[in-house]
Amino acid sequence: MSDSCLFCRIVRKEIPAKIVMENEHVVAFRDIDPKAPTHVLVVPREHVATLDDARSAPMLGELMLAAAAIARDEGIVEGGYRAVVNCGANAGQTVFHVHLHLLGGRKLNWPPG
Ligand code: AMP
Ligand code: ZN
């Protein structure tokens with residue numbers, strides 16, 4: 001837990017967010033600045049700053065499984081979707097509480113910019 005971390009504050013419901021799913025391991029909410037018709041962030045309840053700091057395979061697995069479940073709920077499996085983690089400056093990470101982006105509902109370019 002971090003007092004100043006934005007996503008810890010969303011996990012604690014101190015800051016409002018459009019939560020789409022939560023369980024004992026993760027909280028998922030809509031990105032405030034969506035880059036696709038479905039753009040959901042999945043975060044662990046525990047504070048871990050980046051993917052490089054993550055040491056828990058179960059925690060990382062819960063992020064991925066939650067994203068796949070949300071993709072089914074959102075109806076984007078047939079069209080296809082992307083699940084991505086930005087780590088550090090070159091990837092453009094701006095919030096230092098590890099999070100998985102679930103993006104879908106439109107054709108996604110590859111490679112990303
Ligand atoms: P990243 O660039 O990978 O660190 O992604 C951070 C994401 O958090 C960006 O896509 C932001 O639009 C999103 N974001 C920032 N503040 C909020 C917020 N209060 N609620 C929901 N999403 C947010
Ligand atoms: Zn945090």
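In this predicted model, the 4 donor atoms around the zinc ion (ligand 2) subtend angles of 105 to 116°, so the arrangement comes out as tetrahedral. Those donors are C5 (SG), C8 (SG), H47 (ND1) and H97 (ND1), sitting at 2.0 to 2.3 Å from the metal. Read along the sequence, the donor residues follow the spacing C-x2-C-x38-H-x49-H. Distant parts of the chain are linked here: C5 belongs to the segment before α1 (6-11), while H47 is in the loop between β3 and α2, 42 residues apart. As for exposure, C5 counts as buried because its relative accessibility is just 8%, whereas H47, at 28%, counts as partly exposed.

Next comes the protein interior. In soluble globular proteins, nonpolar side chains tend to be buried together. Here the largest nonpolar core has 16 residues, and V40, V42, M59, L63, I70 and L102 have the most contacts inside it. Two or more residues each come from β2 (26-30), β3 (38-44), α2 (57-74) and β5 (100-104), with α2 giving the largest share, 6 residues. Leaving aside neighbours within four places in sequence, M59 touches P44, E46, V48, A54 and V98. Another core, of 10 residues, lies apart from this one and includes V11, F29, L41 and V95.

Then there is H101, a residue of strand β5. With a relative accessible area of 11%, H101 is buried. Its side chain meets that of H39 in a polar contact of 2.8 Å. Setting aside neighbours within four places in sequence, H101 is in contact with D31, H39, V40, L41, R82, A83, V84 and N86.

How values were computed
Residues numbered from 1 in each chain as written. Chains lettered and ligands numbered in written order. Predicted model: local features only at pLDDT ≥ 70, side-chain atom pairs only at ≥ 80, totals over all residues. Heavy atoms only, no water. Core = buried A, V, L, I, M, F, W, Y, C linked by side-chain atoms within 4.5 Å. Buried < 20%, exposed > 50% of the residue type's maximum accessible area, 1.4 Å probe, protein only. Helix = DSSP H or I, 4+ residues; strand = E, 2+ residues; numbered from the N terminus. Contact = heavy atoms within 4.5 Å. Polar contact = N/O pair within 3.5 Å; in protein donor to acceptor, adjacent residues only side chain to side chain. Donors = N, O, S within 2.8 Å, 3.2 Å for Na, K, Ca; no water. Tetrahedral: all angles 85-135°; square planar, octahedral: opposite > 155°, others 65-115°.
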